[in-house]
Amino acid sequence: MTSEAITRLLNGLPRQILFPGVTPVTRMYNLEKLAGAGPLYIKRDDLNGVGPGGNKVRPLEYLLGEALARKNDTIIASGQANSNLCSIAASACCKLGVKCILVHNSNRPEKPAGNALLNYLSGVEEHYIGEVSEKQREIYISELADVLTKNGKKPYIIENGATTIHGSVGYIHLPLELAALGSEYSITDLFVPGGNGGLASGIVLGTMLLGNPFHVHVITVENPKEELHRIIKELVEGMKEYLGTDIDLPLDCAMTIHEDYRGGGWGIPTKEADAMIQTAANQEGIFLERVYTSKTVWGMYDLLKKGKIKTGGACVLHSGGFAALFNQY
């Protein structure tokens, strides 16, 4: 499909534009020299202008668009105290003028820092319910939504960290943006983080719809390879149905999942990824964080430096998380 045809499909969905632009792509000359491969680029989705910025802006455009189209008047987002989703959802709701309630399965910090500080400054309503499981948090949210409904409100719950079929379509825009770059950019390989699968699935589907102009390398930071593949496949199939497209290509023609860089899983840093945080800062003036971006950039760097991937041009996605960095050391 052409970019124009894909855009027409996306334009048929409810959306609230939060960032009316295209995030920049810059070349990393110094990291390129260290890796002995390139050219190397970075797609700066951390610079998309809503709160601390980051990858959650793209799905929230569609989820909040859906909520407002349904006349919902209260948005409920959830996560731990330093959740990137919660902070960006709070800022997005402030921008759109809709009430936001955050539910944290954490204890209230004595002195808020990072995303918790940004939430406090945003002035949104916050419920700290202690260090309970995600299942217990979901029960609390369901009960909260029932109370709001009985009081005449129309709540909309952002589920699963915004990783839903209707949210993940937001990431289809990213390969469209890369495909629209001028001839001075040479990108044959795109490296993205693989958390709970929403970001990766949208990018993979967008790449497939374009005819695979580059190969997507998913660096898993959370789930084992087989589990992440299952999640991405389910989301891709759901988005195809939602968009009404019948593209029938195997996922492996568009993506490869790399699991050697996940370490112990989500939120458990590795020494190599931690070292990459300092390397990116002192070589490129770019700040990474310890959950997603450091593992992704390290994975790209290691695969290229060892010659496991021969690239005609590689680009890595900076998915944000800058505010969380202040609470990670």
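These legends accompany close-up views of a predicted model.

**Figure 1. The whole chain, before the close-ups.**
The protein chain holds 13 helices and ten strands. Its radius of gyration is 19 Å, close to the 20 Å given by the globule rule for 329 residues, so the chain is as compact as a globular protein of that length. Along its principal axes, the C-alpha trace spans about 60 × 45 × 35 Å. Of the 329 residues, 56% count as buried.

**Figure 2. Helix H9, residues 198–209.**
H9 has twelve residues. From first C-alpha to last, the helix reaches 17 Å, close to the 16 Å expected at 1.5 Å a residue. H9 is mostly covered, with twelve of its twelve residues buried. Gly198, Gly202 and Gly206 are among the buried residues. Leu199, Ile203, Val204, Leu205, Met208 and Leu209 are also among them. So are Ala200, Ser201 and Thr207. After the helix comes Gly211, which has a positive phi, near 90 degrees.

**Figure 3. The largest pocket and its centre.**
This pocket has a volume of about 1,300 Å³. A set of 49 residues lines the pocket. Nearest its centre lie Ser83, Glu134, Asn196, Trp266 and Tyr292. The lining residues divide into 16 nonpolar, 24 polar and nine charged.

**Figure 4. Elements and domains around the largest pocket.**
Two strands, E3 (74–79) and E7 (189–194), each give two or more residues to the lining. Helices H4 (84–96), H6 (134–150), H9 and H10 (225–243) do likewise. H6 provides the largest share, five residues. Both domain 1 (3–52 + 163–326) and domain 2 (56–161) contribute at least three residues each to this lining.

**Figure 5. The second largest pocket.**
About 250 Å³ of space lies here. The lining comprises 16 residues. Closest to the centre of this pocket are Arg15, Gly21, Arg58, His173 and Glu177. By class, the lining residues divide into six nonpolar, six polar and four charged.

**Figure 6. Elements and domains around the second largest pocket.**
Helix H1 (3–11), helix H3 (57–69) and helix H8 (173–179) supply at least two lining residues each. Domain 1 (3–52 + 163–326) gives at least three residues to the lining of this second largest pocket, and domain 2 (56–161) also gives at least three.

Methods
Residues are numbered from 1 along each chain as its sequence is written. This is a predicted model: local features need pLDDT of at least 70, side-chain atom pairs count only at pLDDT 80 or more; totals for chains, interfaces and linings use all residues. Side-chain values use heavy atoms; hydrogens and water are left out. Helices (H or I, at least four residues) and strands (E, at least two) are DSSP runs, numbered from the N terminus. The expected span of a helix is 1.5 Å times one less than its number of residues. Buried means under 20% relative accessible area, exposed over 50%, partly exposed in between (1.4 Å probe, protein chains only). On a 1 Å grid over the protein atoms alone, a cavity is a set of points where a 1.4 Å probe fits but cannot get out, and a pocket is an open set with protein on both sides within 12 Å along at least five of seven lines; lining residues have an atom within 4 Å of a point. Grid points are joined across faces, edges and corners, and a volume is the space filled by probe spheres set on the points. Ala, Val, Leu, Ile, Met, Phe, Trp, Tyr, Cys and Pro count as nonpolar, Asp, Glu, Lys and Arg as charged, and the others, Gly among them, as polar. Domain bounds come from an automatic or database domain assignment. The radius of gyration is taken over C-alpha atoms; the globule rule is 2.2 Å times the number of residues to the power 0.38.
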